[in-house]
Structures are given as structure tokens and as C-alpha cells.
Amino acid sequence: MTRRSRAGWLTIAAGVLLLVAAARLSPVWHGPLYDGVVVEDPYRYLEPPPGKPGNPTSVSDTLTLDQGVSPQLYSGTLETPPQAQMIADRDAFQLPTGTTSIKASISPIKPPAPIAEGRISGNVYRFSVVNQAGADLSLLPGTTITIVVRAPNNVANGTLIHFNGTSWDRVPTDNGGLMDLYATNATVLGDYAVLVSGAQTPEPSGQAPPSFSIGPTPSATPGPTGGQTPWLVIGLVAAAILVAVLWRTLGDREP
Amino acid sequence: MTSLAASWPTSAWHRAAWLSAGLGAAALARSAFIGAGTVAAFVVGTTFGLTLLSLAVAAGWRPARLRLGSLGVGIVGGVILIGIPELVGPSSRAVIGIRPDPFLAWVAVTALVVTAEEALLRGALLSALDAAGGPAVAVAASSVAFALMHVPVYGWGVVPIDLAAGALLAGLRYLTGGTAAPTMAHLLADMATWWL
């Protein structure tokens, strides 16, 4: 076996092991992110700032039961990518007697209550699953439903929040596949939104935050934020390498 | 007139640094256009692919003669890249919206981007790093570059799976000696996102 093929086999083996580990550790499945064409349409606001698109979509999917239990569920609004999604495994919901079908709905709503700190970025979405009689379904103990909410383009430092009936709670938040997609494995449905904390992040549109926000007025000066920091680090490292190489290369040409 | 290739740094480390800087700059530039819609995505994807291809060619990368065996190895690699996350990943699926119409245009631009990324990463950059520091350095650094170039678009959550994919694709390059196998594997994995 040549050095090259030995390196190849070893590297492939390491790659497979890493792939298994990465897939196992990922909280939310999404298509292999090895690249391609990345399409993201402008964000649609329920109450659009001037010059920004409105008319966000709602979705309602009716599904029949799968051998007496709730079927695997995927529901997402119609933007690209969807501004709100919910994903549940088969047999995730408690079904009242007589249930024959379920209806999963996602719709943008006005915020049911103001938030105490920070501001809501984008729309609040209401997630519900009911049976054919309109009875709300709850999740079986030990099961979760994945909620994915998209923030306006390039909002990268958000956290998902859930309305508990009287106030908003932060929920554990994972990346949902793109910089501005936020996901959580939730135990309850209801109203979810993306919270942007602090005053340092302006709405990426450059507009004032929507009127329902009560948080501090965002600074007009874009500054480094948690989400933007990686970009800056990468850019600075690339620029430093570029400068160093340019310097060395031009230096090499000195007589 | 001095050609671009002739003025390219001759030191392997220099070449690797140039390529990394170019890749980083192109990735950052591309990310600035995310959110502008489908047409912009096609235009930016094409520009991004041509930029990476130009960098790779300027650094001395040339496509080798295509061998069927390499394509076969690439198909197996693609099945692994698609299959492992399918088999062992969580069942919760998020949609990130990479189904732009028209389909054929998407296929064409995706193929260009994939070919360019492989020419640069597993072609020019891996060769430069291998010459400079050996296979271990080449695999590690090219995989890190592959993972980091996706961060501006997908966020830091993409790093583990793209590090793994980068290592696997580098392995295919070492095993077959060319970029056809990693290109085929990468292309299959990207094509699969239409259906998955």
C-alpha cells in the first residue's frame, strides 16, 4: 500500500467516525450542509417597516392518523426558507378518544404581550396542533416537537422565546441550519419568536424595530455582536494572512 | 507580460496562505448577498464558483484525465455523506430552503460551485499543504478551511459536520489521486438536499 493510499484510507475512516459523531450530536437534522446555492428570500413582516415586504404566509396541514397514532409531522410556512416550521415524530401527541385526524397550523400573530428586555426580531408565530374536533393536542410525556423560527435576514444573535400565557420565557436554542434560523426541541406548542437581547443590534434592514417592540431602541451604529463576531474573526484572519503574504511576496521581489 | 500563474508564490506555505485568504474573502463576500432572493443566489453562486476556480487554476491546479474508478469511489463517498446523517442523525428535520427553481439552473450552478470548491480545497490547497507539512496537516487544515468557509452562511453549527465531510473528501482525494472522486461525492450530497 502506498503512502498516498494509506493516507486516503486513514482519512476516510476518520471522516466517517467524525461524520457519525457530528450527526449524533446535532440537535436538529438538516440536509447535508456541504454547500451549493444558498437561497434566502427577504423576510416578510406581519407589520412591515417602510420598504420591507409584508404578507407573511400561514400554513395549515390536515393529516390522518397513522395506525391509530399521530403521524410524523412536518409543517412549514411558504417562504424560502420557511419563516416558521414544526417537526414532530410519529406518535408524538396524546390523542383524545375519537380522534381521526389532526390539523397542524402555523400563523404569524401580533405579540400577545410585550417583552421585558430586548426586542422581538421579526414575527411572533403561533404553533398549534388540534384534532378534527378542534381540541388542542399536547405532547406525550418524554416527547418533543422541533420548532424552527427564522429571524429577519442575517440576525445572528437571537434566542427563541415562548409565551407562557402571561410572559415570555427564553428556551434552549440551537442553530436551525442557516445563520438566522433558530430551533428548539420544545415540550409545548404556542407562541414563539426570536428575541434579540441588548441594544447593540439594529434591525438588519436598517429600519427601526417593529412597533410592538418595547425593548431599548437599537443603536444606530452597527457594532460587533455575538453573531457577527465569527465573521469579523474570519475576515480579520483572512486579511492578516493576505497582508502577511503580500508583504513577504513583495519583499521577495526586492533586488 | 507576466501571467498570473507565473507570479503566484512558489513556496507551498505561501501558496496555501494565498488560497486560504482568497477562499475566506470569497466566502465573506458571498455571505453578504444572502437574503436577496433566488436570482441573486444564482448570480452570486456563479461568481463564487468562478472565483474559486480561478484561484485554483492560478495556483497551478489542472483537471486530470477522468477515470471511471474515481467516479465510482466518489459515488460511494457521496452515499456515505448522505447516508450517515440520515441513519444516525435526529429525526427532527429543519428545512433551510435550497430548492430554487428552475431545477436545471440550480443543478448547473451547484455543480459549478462544487467543482470549484473541490478544485481549490482538495486540489490546489491540499496539494500545497501536503507539500508544506505532509498529509496530516493537509487534511486537518483543508477540512478546517472547508468548515469555516460555510460559517458566514450557516452559522457555527455547521462546523462539526463540515469538518467531518472535509476529512472524508480529503481521504477520497488521497485515495484516488485526483479531485474527481471528492467532486462526485460532494455533488451527490448537495444534489440530495433537493429531496431530503
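Read along the sequence, chain B runs α-α-α-α-β-α-α-α-α, that is, eight helices and one strand, where helices (H or I, at least four residues) and strands (E, at least two) are DSSP runs numbered from the N terminus. The model is predicted, so that local features need pLDDT of at least 70 and side-chain atom pairs count only at pLDDT 80 or more, while totals for chains, interfaces and linings use all residues. Residues are numbered from 1 along each chain as its sequence is written, and chains are lettered from A and ligands numbered from 1 in the order in which they are written.

**Burial and core**
- Of the 196 residues of chain B, 59% count as buried, meaning that 20 or more other C-beta atoms, placed from the backbone, lie within 10 Å of the residue's own.
- The largest nonpolar core (buried Ala, Val, Leu, Ile, Met, Phe, Trp, Tyr and Cys residues joined through C-beta atoms within 7 Å) has 112 residues, and V149(A) and L125(B) are among those with the most contacts inside it.
- Helix 5 of chain B gives the largest share of this core, 13 residues.

**Helices 5 and 6 of chain B**
- Helix 5 (residues 103–133) and helix 6 (residues 135–154) of chain B pack at an angle of about 140°, with their axes 7 Å apart; axes are lines fitted to C-alpha atoms, for helices over the stretch in contact, and angles run from 0 to 180 degrees between N-to-C directions.
- Helix 5 of chain B is therefore oblique to helix 6 of chain B, since angles under 35 degrees count as roughly parallel, over 145 as roughly antiparallel, 65 to 115 as roughly perpendicular and the rest as oblique.

How values were computed: A residue is buried if 20 or more other C-beta atoms lie within 10 Å of its own, exposed if 12 or fewer, and partly exposed in between; C-beta atoms are placed from the backbone.
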